[in-house]
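Good morning, everyone. Please look at the sequence and the model on the screen. I'll walk you through the spaces inside, then the sheets around them.

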Amino acid sequence: MRIAFFASSLVSSYWNGACTYYRGIVRALHERGHEVTFFEPDAYDRQAHRDIPDPPYATVVVYDPAEAREVVARASGFDVVAKASGVGVADDVLEAAVLELDGVRIFWDVDAPATLASMEAGPSDALRALIPDYDLVLTYGGGDPVVERYEALGARRCVPVYNALDPSTHHPVDPDPRFACDLAFLGNRLPDREARVEEFFFGAAAHLPFREFLIAGSGWDGGAARAPNIRHLGHVGTQDHNAFNRTPLTVLNVSRESMAANGFSPPTRVFEAAGAGACLITDAWEGVELFLEPGSEVLVARDGGEVAALLDGLDAGRARDIGKAALERVRAEHTYAQRAELVEQVLAVAA
């Protein structure tokens, strides 16, 4: 099939948390024989912060957001056209224009709890009126709660296609001294995650002043290294994510508030860390056991105090065992090849 994606960016992870997801899904679809064209706007300085050149598994089209409607017309004749949430520019134009094309029209939601909250706030939401016209809604998480909420808004069908692991890009590597510490957190500073990072990361660091903590990601420039036991790195490109996850004693996942409240929404960081063989501590959210087994494949904390207690009771041997078990689990059950097979099955029904 010829598949067109309209999404934030395939080539840059700069202010683009869904980048790993797009790369994994698109590569896996390509490997299954599909021809993918990825349309991304020249926005948010992402083209100046590329992690990769145009990949061999997709044709990348970078366009001026002011010409979004004209660019959508270039997808005429494709078998499948997917508009992802959160492009960040011209979203309303893209969402309406995609529906004017033939083929299977998909709204692919990479931030379903936030998107749904916006649509449910009132009937005047522009996207809310369009959802019944899409042939299919796919989400990168959310489970039954998200499916039920989309169906209540008139979606013809909603199917979660969860984040996963691409073993060719995320895998164990040698440690890198730049990332040496007891606990590391990688994530951009976002309004609906900041309070949780304050609790789970900075709170844990305050409990353990003699342990070393590392925070990385965009937006933390002011006040991140607020204590002697905290270092701040800034943006870490995807080419360094394996070393970032592999080197520390443990790494921390902190979900956004909307994702944690909904549950069943494992972020890309969970699979990136597991794929590198890292020992992961995650904040608690409903459904985590569907992806990794608490206690043996992942450690789960309800607040910063529990993060500190888990870290304080962790030695290098147990951390290695947890990381090894997580790696085996995601390689067996949670790869993008498996997710792409699900997408094919869903598309066959939609077509």
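Which residues lie nearest the centre of the largest pocket? They are G86, V110, D111, L190 and R256. The lining has 44 residues in total. Keep in mind that this is a predicted model.

How much space does the largest pocket hold? About 980 Å³. Now look at the elements around that space. Several helices each give at least two residues to its lining: helix 3 (91–98), helix 4 (112–120), helix 5 (126–130), helix 7 (191–207) and helix 10 (268–275). Strand 8 (183–186) and strand 11 (250–253) each do so as well. Helix 4 contributes the most, with four residues. What about the chemistry? The pocket lining has 20 nonpolar residues, 14 polar ones and 10 charged ones.

On to the cavities. A probe the size of a water molecule, rolled over the atoms, shows where space is left empty. How many cavities of 30 Å³ or more does the structure hold? Four.

Start with the largest cavity. Its volume is about 120 Å³. Seventeen is the count to remember here: 17 residues line the largest cavity. S13, H235, V236, H241 and R269 lie nearest its centre. Helix 1 (19–31) and helix 10 each supply at least two lining residues. Helix 10 gives the most, namely three. By class, the lining of the largest cavity has 12 polar residues, three nonpolar and two charged.

Next, the second largest cavity. Its volume is about 80 Å³. Its lining includes L186, F244, N245 and V251. R269 and E272 are also among the lining residues. So we meet R269 again: R269 is one of the residues nearest the centre of the largest cavity, and R269 lines the second largest cavity too. Helix 8 (241–246), strand 11 and helix 10 each supply at least two residues here. The classes are six nonpolar, two polar and two charged.

Notice helix 10. Helix 10 supplies at least two residues to the lining of the largest pocket, of the largest cavity and of the second largest cavity.

Now the sheets. Take the six-stranded one. Its strand order is 10-9-8-11-12-13. The sheet is open, and the pairing is parallel. Why is one side of strand 10 (230–232) and of strand 13 (299–301) left without a neighbour in the sheet? Because both stand at the edges, and each has a single partner strand. From one strand to the next, the twist averages 25°.

Zoom in on one edge. Strand 9 (213–216) and strand 10 run parallel, joined by three bridges. Find L214. Opposite L214, in strand 10, stands R231.

Which helices pack on this sheet? Helix 7 does, and helix 7 touches strands 8, 9, 10, 11, 12 and 13. The direction of helix 7 makes about 160° with that of strand 9. Helix 11 (304–312) packs on the sheet as well. Helix 11 touches strands 8, 9, 11, 12 and 13, and its direction makes about 150° with that of strand 13.

Move to the seven-stranded sheet. This one is also open, with parallel pairing. The order reads 3-2-1-4-5-6-7. Strand 3 (59–63) and strand 7 (158–160) are the edge strands, and each pairs on one side only. Neighbouring strands are turned against each other by 20° on average, direction ignored.

Look at the strand 7 edge. Strand 6 (136–139) pairs with strand 7 in the parallel sense, over three bridges. L138 has V159, in strand 7, as its bridge partner. Helix 3 packs on this sheet. Helix 3 touches strand 1 (2–6), strand 3, strand 4 (80–84) and strand 5 (104–109). The direction of helix 3 makes about 160° with that of strand 4. We met helix 3 earlier, in the lining of the largest pocket.

Last stop: a loop. Y44 lies between strand 2 (35–41) and strand 3. D45 is found in the loop between strand 2 and strand 3 too. Check the backbone. Phi of Y44 is near 55°, a positive value in a residue other than glycine. Phi of D45 is near 60°, again positive in a non-glycine residue.

Are they buried or exposed? Y44 has 44% relative accessibility, so Y44 counts as partly exposed. D45 has a relative accessible area of 45%, so D45 is partly exposed too.

That's the tour. Thank you.

How values were computed: Residues numbered from 1 in each chain as written. Predicted model: local features only at pLDDT ≥ 70, side-chain atom pairs only at ≥ 80, totals over all residues. Heavy atoms only, no water. 1 Å grid on protein atoms, 1.4 Å probe; cavity = no way out; pocket = protein on both sides within 12 Å on 5 of 7 lines; lining within 4 Å. Points joined across faces, edges and corners; volume = space filled by probe spheres on them. Nonpolar A, V, L, I, M, F, W, Y, C, P; charged D, E, K, R; others polar. Pairing = 2+ DSSP bridges. Axes fitted to C-alpha atoms, helices over the stretch in contact; angles between N-to-C directions. Contact = heavy atoms within 4.5 Å. Buried < 20%, exposed > 50% of the residue type's maximum accessible area, 1.4 Å probe, protein only.
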